[in-house]
Amino acid sequence: PCQHSVCHKCVKELLFMCHEDSFTDVCSDTSAPGSPRIKALSPSVERYERIDRLIRSGSKRNSLNAKFTTLSCPGCQHDIELGERGINGLFRNFTLETIVERYRQAARAATAIMCDLCKPPPQESTKSCMDCNANYCNECFKIHHPWGTSKAQHEYVGPNTPFRPKILMCPEHEMERVNMYCELCKRLVCHLCKLGGTHANHKVTTMNTAYKTLKEKLSRGIGYLISKESEVKNQISELEHLIKRTECNGDNAEEAASSNFEKLFNVLEERKATVLKTIRNTKAIKLEKLQNQKEEYQGLLENNGLVGYAQEVLKETDQSCFVQTAKILHVRIQKAAESLKSFRPAALSSFEDCVLDVSKEEQILGNMTFSSALEVPEINEEKSKIYNKAFICWQHSADTLRADTFVLEYRKLGKEDDSTWKEIEVSGTSQIISDLEMNSAYTFRVRGFRGSACSPYSKDVTLHTPPAPVFSFLFDDKCGYNKEHLILNNKRDAVESMAGFPLLLGAERIQMGCYTCLDYIIGDTGITKGKHFWAFYVEPYSYLVKVGVTSDTKLQELLQNPRNTSSPRYDQDSGHDSGSEDASFDTSQPFMLATIGMRKFFLPKTSNIASDLSNRVLSMPSRIGVCLDYDKGNIEFYDADSMKCLCERQIECCGTMYPAFALMGGGGIHLEEPFSLEHLEYPEDM
């Protein structure tokens, strides 16, 4: 059932070894302790008799050997039901036999197989008869297989030693060959199994159909594995790299643990020396005090010290000398007498102040274990983006164990998926990658390292590179720039439109209404060939913004015809200049502008035929990209975050094409700043 193969000889030995103890128990239960049969048989003879008896009997379920009807597969330890026929009921793997025989024949090429029926000296055999189970030379084969007899029909092969016939018999019907395949049970059956056996109601197919089907599936599987050979090699390389890294990290972890224990040992040794020194000093001070007190009290004894000296002073007869000495001596005697009344040792014998309480430290050391795993870093998808380079930023919680270094990995996705990850070691929490291909998708992931410990990988984040090289430019503050309505920042990469007093004064002079004009601003660099991409974002509060490209000739037309809000020609009902850019749909037009406003993106029309407005209105992307192919006369508008193409239009590219922008009312446009190595890392406290 598990489809593993074991040789016939090994399976017999394995069956005996697995049930040797059980055989001993059965024999001891069914025989008397002094049985002469047991005494007569040697261990080796008894061993082979047991194996032979097991093979012949098939371990019938109703016999005492019923518990030997299962065999444990040496490959997967799966228990296999042997059934009534024992191991003889198992299927033979003829394919594996053929492979083994092929190697045996190669090994026998150097050792000839001699004829079994030749008179001495025997000749080298040339044939093996599968019916006679013997090897023959050419002459002996002709003699024993004469023409016109039944032996002439015997099957013969090349010289061979095993003579097991290659016939697959049904395990349930010993005399029947298998000739069908049960699709439900996934096994070979004979016609009796289908007619009235356990497979009577099962769906079966002919052997030929099963052969073709399984051969086709096997061929497809082999073909698939062969086609994925490079991928398998890459995965093997990755596993080898992981094995080396595991060995290195294991050694580093062992070294780090030993170093930490050495630090603890050093701290304990230092504290031990300090504590012992303190105890010794305390001991010396107490002994000194007690010794001094002892000597003082010894002086109070007769003929010793103070008392002896006082006795000698009493013998003095000179009154003046006596008074001079006795005055001081009397004070000392009084102090000694008072000390006798309230005796108190100068120092205590106990060392209560020097007792160490190490219960907490012992508990901490006893519970000492590996530190908690590093937190999984998370790639910040809002800050991470791709423009001229890829800027990947990640973060981790400040409350958990922090990593010392990070490894950023990335790989290119596509039809030819390269599973090899490129690695960059980073000390901070951001990295710029510059070796990326245009118009491709890349997957990024990051993991943290602290010593030999490493965190799991972060969630994979996929980003798309621009469809063309990034075109760098700034806003032109000279050509057509309206200083009254537009405000440029110092870096000239952001422009803001302010609806101020000039607009209000213009509206005041018109009684019927006012048509506000568009204020144009272009890039300071033009395009004359090639394919280029640039990106920007529009402030959400912008009322109306137009973005795209225009030729130098069309630009002169736009800038030389300023819209005067005080002129009746630009009345809102006059029909003049009311979206004339969108009304011209000639595919040869040398400009293309898409409209953005009210947090919406309006796709440019492609014909004069009226179309459903809802199909042309999209939500405004946070970042918008424009790709101009000058050589093919093609312009595309993108959602720059996902690099998804929003629309594609044809345009006549002539002369110099400039990135063009127009604003009306309040609004703002910010050009995307290309990444440089100066942006390399954010500080970790940001």
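These are my notebook entries on a predicted model of a single chain.

**Entry 1: overall figures**

I began with confidence. The mean pLDDT of the chain is 77, and 75% of its residues reach 70 or more. I then looked up where pLDDT stays under 50. One such stretch is residues 56-68, for which the model has 31 contacts beyond four places in sequence. Another is residues 678-686, with 21 contacts counted in that way. I kept both stretches out of the entries on single residues.

For secondary structure I noted 15 helices and 30 strands. Of the 686 residues in the chain, 33% are buried. I also checked the sequence range of the contacts: among those between residues at least 6 apart, 63% join residues at least 24 apart. The exposed area of the chain is about 44,000 Å², and carbon and sulfur atoms supply 54% of that area.

**Entry 2: strand β23 and its partners**

I asked myself how many residues of strand β23 are buried. Seven of the seven, residues 591-597, are buried, so β23 is largely enclosed by the rest of the structure. I went through the strand face by face. Phe591, Leu593, Thr595 and Gly597 are buried on one side, and Met592, Ala594 and Ile596 are buried on the other.

Next I listed the pairing. Strand β22, residues 544-551, runs antiparallel to β23 and is joined to it by six bridges. Within this pairing I noted that valine 547 has alanine 594 of β23 as its bridge partner. Strand β24, residues 600-602, also pairs with β23 in the antiparallel sense, over three bridges. Here threonine 595 has phenylalanine 602 of β24 as its bridge partner. β23 and β24 form a hairpin with two residues between them. In that turn, methionine 598 has a positive phi of about 55 degrees.

I picked threonine 550 as a residue to follow in β22. Threonine 550 has a relative accessible area of 2% and is buried. Beyond four places in sequence, threonine 550 touches Leu555, Leu558, Pro590, Phe591, Thr656, Met657, Tyr658 and Ala660. Phe591 in that list is a residue of β23.

**Entry 3: nonpolar cores**

I looked up which members of the largest nonpolar core touch the most other members. They are Ile521, Trp534, Phe536, Leu628, Phe637 and Phe661, out of 48 residues in that core. Strand β21, residues 531-538, gives the most to this core, with five residues. Apart from this core lies another, of 18 residues, including Phe406, Val426, Tyr442 and Leu463.

I then took leucine 628 by itself. Its contacts beyond four places in sequence include Ile527, Trp534, Val549, Ile635, Ile651, Cys653 and Met657. Gly530, Lys531, His532 and Asn634 are also among the contacts of leucine 628.

**Entry 4: cysteines**

I searched for disulfides and the count came to zero. Cysteine 193 is in no disulfide, and the nearest cysteine sulfur, that of cysteine 170, is 3.5 Å away. The cut-off is 2.5 Å between the sulfur atoms, so a pair beyond it does not count. Cysteine 193 is buried, at a relative accessible area of 1%. For cysteine 654, the closest cysteine sulfur is in cysteine 653, at 7.7 Å, which is too far for a bond. Cysteine 654 is partly exposed, at 25% relative accessible area.

**Entry 5: loops and backbone angles**

I looked at leucine 474, in the loop between β17 (461-464) and β18 (486-488). Leucine 474 is partly exposed, with a relative accessible area of 30%. Its C-alpha atom is separated by 8.5 Å from that of isoleucine 522, and the two residues are 48 apart along the chain. Ile522 is among the contacts of leucine 474, as are Lys491, Arg492, Asp493, Gly523, Asp524 and Leu671.

Arginine 492 lies in the loop between β18 and β19 (494-497). I noted a positive phi of about 60 degrees for arginine 492, which is not a glycine. Arginine 492 counts as partly exposed, at 24% relative accessibility.

Asparagine 439 also has a positive phi, near 55 degrees. Asparagine 439 is in the loop between β14 (430-433) and β15 (441-450) and counts as exposed at 58% relative accessibility.

Last, I recorded a cis peptide bond from proline 120 to proline 121, with omega near -5 degrees. Proline 121 sits in the loop between α5 (94-108) and β3 (127-129).

Key:
Residues numbered from 1 in each chain as written. Predicted model: local features only at pLDDT ≥ 70, side-chain atom pairs only at ≥ 80, totals over all residues. Heavy atoms only, no water. pLDDT = per-residue confidence, 0-100. Contact = heavy atoms within 4.5 Å. Buried < 20%, exposed > 50% of the residue type's maximum accessible area, 1.4 Å probe, protein only. Helix = DSSP H or I, 4+ residues; strand = E, 2+ residues; numbered from the N terminus. Pairing = 2+ DSSP bridges. Core = buried A, V, L, I, M, F, W, Y, C linked by side-chain atoms within 4.5 Å. Areas by Shrake-Rupley, 256 points an atom, 1.4 Å probe, with all protein chains shown as cover.
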